[in-house]
Amino acid sequence: MDQAGAIPMRLLLPTLLVLLGGLQSARAEEPPTFFGRTVDGWIEVLRDKASTANNRSRAVVALGYFGPLAQAAAPDLIENVRRGLLEDESAEALVHLGVGSGVTVPHLIERFLKEGCVRLTGAGAIGYNPRVRDLLVKVGGPAVPALLKVLDGPDLEMRVCAAEVLGDIGPAAKTAIPALIRTIERPGPEYLDEILRRHAVGALGGIGPEARDAIPVLTGLLDKDAEAMVALDRIGATPVKFLIDEFLGEGDSNGSPYSFFLLGPRRREAIPALRAALADKRPQVRISAAVVLADIDPSVNEAIPVLIESFDFSNDESIDLMWVPEALARFGTRAKAALPKLIDRVEKGVFDADDLKALVQIDPEGEVCVPALISALTSKDENVDESQRFNAAARCLGLLGPKAKDAIPALTMAMTRSTGGDWVASGDPQESAAKALGRIDPEGTSVLPALIAALKFRDKRTPFQDMEEVDFSAAETAASVLGAYGTRAKDAVPALIEAAKSREGDDANWSVQGAAILALGQIGPDARAAIPVLRGMMERDGKPSPSRPELIIALAQLAPDGKEIADAWLAKTNGSAPTWPGNFPLDSRAKLHGAMGRASFEGDLATRMRLNSIDEILAGNLRDGISVEFLEEYFETLGDLRTAARLAVPRLKELVKHPNPFIRMYAAEALERIAPAAPK
């Protein structure tokens, strides 16, 4: 298992399923290889009667990764499904090849009905995972007739599941529109009435403009379901008048900005009414109008005074100020008049992470915000909110880069500050502090000693009752930051060697060892003293250690025979193709190719996985539980691929112009690692 830079499977799997099918060869003049074998090579394994069942299973999965490039395998895979041989793996591979719906759809529907949909209805298989429904979505139009039978069938819970899948299929499910309208009008038994109607409404929205026949029934639901408003917007009939009337009304929902956040570009039609609402006699309506205007059109400067005024209502529990700091941040430097209010909130300790992000976006030169951010960073109040503030303060100081050099002492202390007993955020604030030091001092002249010292830091904490844990996060991040300095971190080589050799709690210390090994490789020739140590680790306890691919990556960069070592390792892992949806060494192979300056099919696949994850999150609503900082991991893992991620360069060049400064920073850092700028 490649433990470094692992991606949460709940996000990785849907992304992976979208990707398979569109990859082209990294080198068009050569047949692409996956784990050392071409398509023809894997077909040979599949057809070889002497192959073990395990090897044939690997071959099926590998062919699925090739997607449409593996069309020649389609007859074999179809026959497998018909005969019940490796039918699950073969059906999934066929979906990724884009063929064989005549056998894949019945097989997937059978699995779909068996697994249930506990995530949506509370009924069905406890071990439910989204794999089957994602495959049905990928099949698209050919799956619609079978899904319609489920939608109209006797299994009440699965009707909900079918509606969700139809919506995710999108315009290709347009033949389902009449059935979905009927479902809204006659949803079913009372206990499923609301959830079934809601998913049928969402499905019509997913189908989009083709579902215009549903406008009357959706309009009739506007006073019941926010989903109806979103569906109408996606169909092309944004109910702006209804939304404005609700916003300005006298009911409980008046002045709520959230509905506007859910809509697309057509919400701009509400700008005149929202501008007028800036003068409403009700504070909540004025404030929310300003928040929405900042979200729709940050050029509406008259919203800024209203947002600043809103802080005067901080003690009024009836006024919701949750979105105000974020709205001010959207105006950037034009909202400088808000700085005294924001700084006052920090000084009084009544701020949250969004206040700090607003500070740094309104004052990007750090002229007045750095002392406030340092103050937030050094707070001693150990509770969950304070942990989030601590983390945000470190991230914001890192965003300022060298302009926040006065924060180096505070960040140095923060990097090895114990998080204590009940901190839920674990090592995140420490990691953010270490990364901030690297961003503030890009040459490493002031922070190397602190980062070297942090390699030995262990945070003992008791997050649950009296259960003690040891957190290695600060040490792991310090090693990664040292590696990013490259040859400028040559003074850290002895400490990194010690960290790599450490047997202290092997399981818990695994990530620190891996980061230290990779850092030694990144430092390059100045770290050649590590070669004997790394070679020795490959034979730890007298046995080869293929489970540490970091060793191969580092030796490929350091050892005179590094290329031979790398090629031998790649050859030995030829038969280690993954099984759905488990962990796999794909990233290790891609990183190794990247460290050696090579293009590869594995690198292309790993790159597109990250890009699709990034774009899916950006296309969604970041307010719905995913903060922009969550994206940092995906940009970092793209950078880890280095030249193997060259396909990401065009997209990263677009993202360095993104409105959000954190995304700009993450994209620029990844781009520099993948395609370093030429020396000036």
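**Figure 1. The two sides of helix α33 in the predicted model.** On one side of helix α33, E564 and K572 are exposed. On the other side, the helix, which spans residues 562-572, has G562, I565, A566, W569 and L570 as buried residues. Viewed down the axis of α33, these buried residues fall within an arc of 130 degrees, so they line one face of the helix. The packing partners of the buried residues of α33 are α31 (531-538), α32 (549-558) and α34 (586-595).

**Figure 2. The surroundings of R111 in helix α6.** Helix α6 covers residues 101-115 and includes R111. With a relative accessibility of 10%, R111 counts as buried, because buried means under 20%. When residues up to four places away in sequence are not counted, R111 touches D88, E92, R131 and V132. One of these contacts, E92, forms a salt bridge with R111, and the closest N and O atoms of the pair are 3.3 Å apart. R111 lies in helix α6 and E92 in helix α5 (residues 87-97), so the salt bridge ties together parts that are 19 residues apart in sequence. E92 also counts as buried, at 1% relative accessibility.

**Figure 3. The salt bridge between R330 and D295.** The closest N and O atoms of R330 and D295 are 3.0 Å apart. R330 lies in helix α20 (residues 324-331) and D295 in helix α18 (residues 283-296), so this pair ties together parts that are 35 residues apart in sequence. Of the two partners, R330 counts as partly exposed at 35% relative accessibility, whereas D295 is buried with a relative accessible area of 10%.

**Figure 4. The salt bridge between D312 and K341.** In this pair the closest N and O atoms are 2.7 Å apart. D312 lies in the loop between α19 (303-310) and α20, and K341 lies in helix α21 (residues 339-348); the pair thus links distant parts of the chain, 29 residues apart. D312 is exposed, with a relative accessible area of 52%, whereas K341 is partly exposed, with a relative accessible area of 30%.

**Figure 5. A network of salt bridges.** The residues linked in this network are R395, K435, R439, E632, E636 and E669. For the model as a whole, the count comes to 42 salt bridges.

**Figure 6. The lining of the largest cavity.** How many cavities of 30 Å³ or more does the structure hold? The number is 3, and the largest cavity contains about 40 Å³ of space. Its lining is made up of P257, Q284, S288, V291, D320, L321, M322 and W323. By character, the lining residues of the largest cavity divide into 5 nonpolar, 2 polar and 1 charged.

**Figure 7. Positive phi angles at F35 and L86.** Most residues other than glycine have a negative phi. F35 is not a glycine, yet has a positive phi of about 55 degrees. This residue is placed in the loop between α1 (9-19) and α2 (39-47). F35 is buried, with a relative accessible area of 0%. L86 is likewise not a glycine and has a positive phi of about 50 degrees. The place of L86 is in the loop between α4 (74-83) and α5. At 24% relative accessibility, L86 counts as partly exposed.

**Figure 8. D213 and I235.** D213 is found in the loop between α12 (190-207) and α13 (215-219). Is D213 buried or exposed? At 64% relative accessibility, D213 counts as exposed, because exposed means over 50%. D213 and I235 are 22 residues apart in sequence, and their C-alpha atoms are 9.8 Å apart in space.

Definitions and conventions:
Residues are numbered from 1 along each chain as its sequence is written. This is a predicted model: local features need pLDDT of at least 70, side-chain atom pairs count only at pLDDT 80 or more; totals for chains, interfaces and linings use all residues. Side-chain values use heavy atoms; hydrogens and water are left out. Helices (H or I, at least four residues) and strands (E, at least two) are DSSP runs, numbered from the N terminus. Buried means under 20% relative accessible area, exposed over 50%, partly exposed in between (1.4 Å probe, protein chains only). Contact means heavy atoms within 4.5 Å. A salt bridge is a side-chain nitrogen of Lys or Arg within 4 Å of a carboxyl oxygen of Asp or Glu. The arc is that of the directions from the helix axis to the C-beta atoms. On a 1 Å grid over the protein atoms alone, a cavity is a set of points where a 1.4 Å probe fits but cannot get out, and a pocket is an open set with protein on both sides within 12 Å along at least five of seven lines; lining residues have an atom within 4 Å of a point. Grid points are joined across faces, edges and corners, and a volume is the space filled by probe spheres set on the points. Ala, Val, Leu, Ile, Met, Phe, Trp, Tyr, Cys and Pro count as nonpolar, Asp, Glu, Lys and Arg as charged, and the others, Gly among them, as polar.
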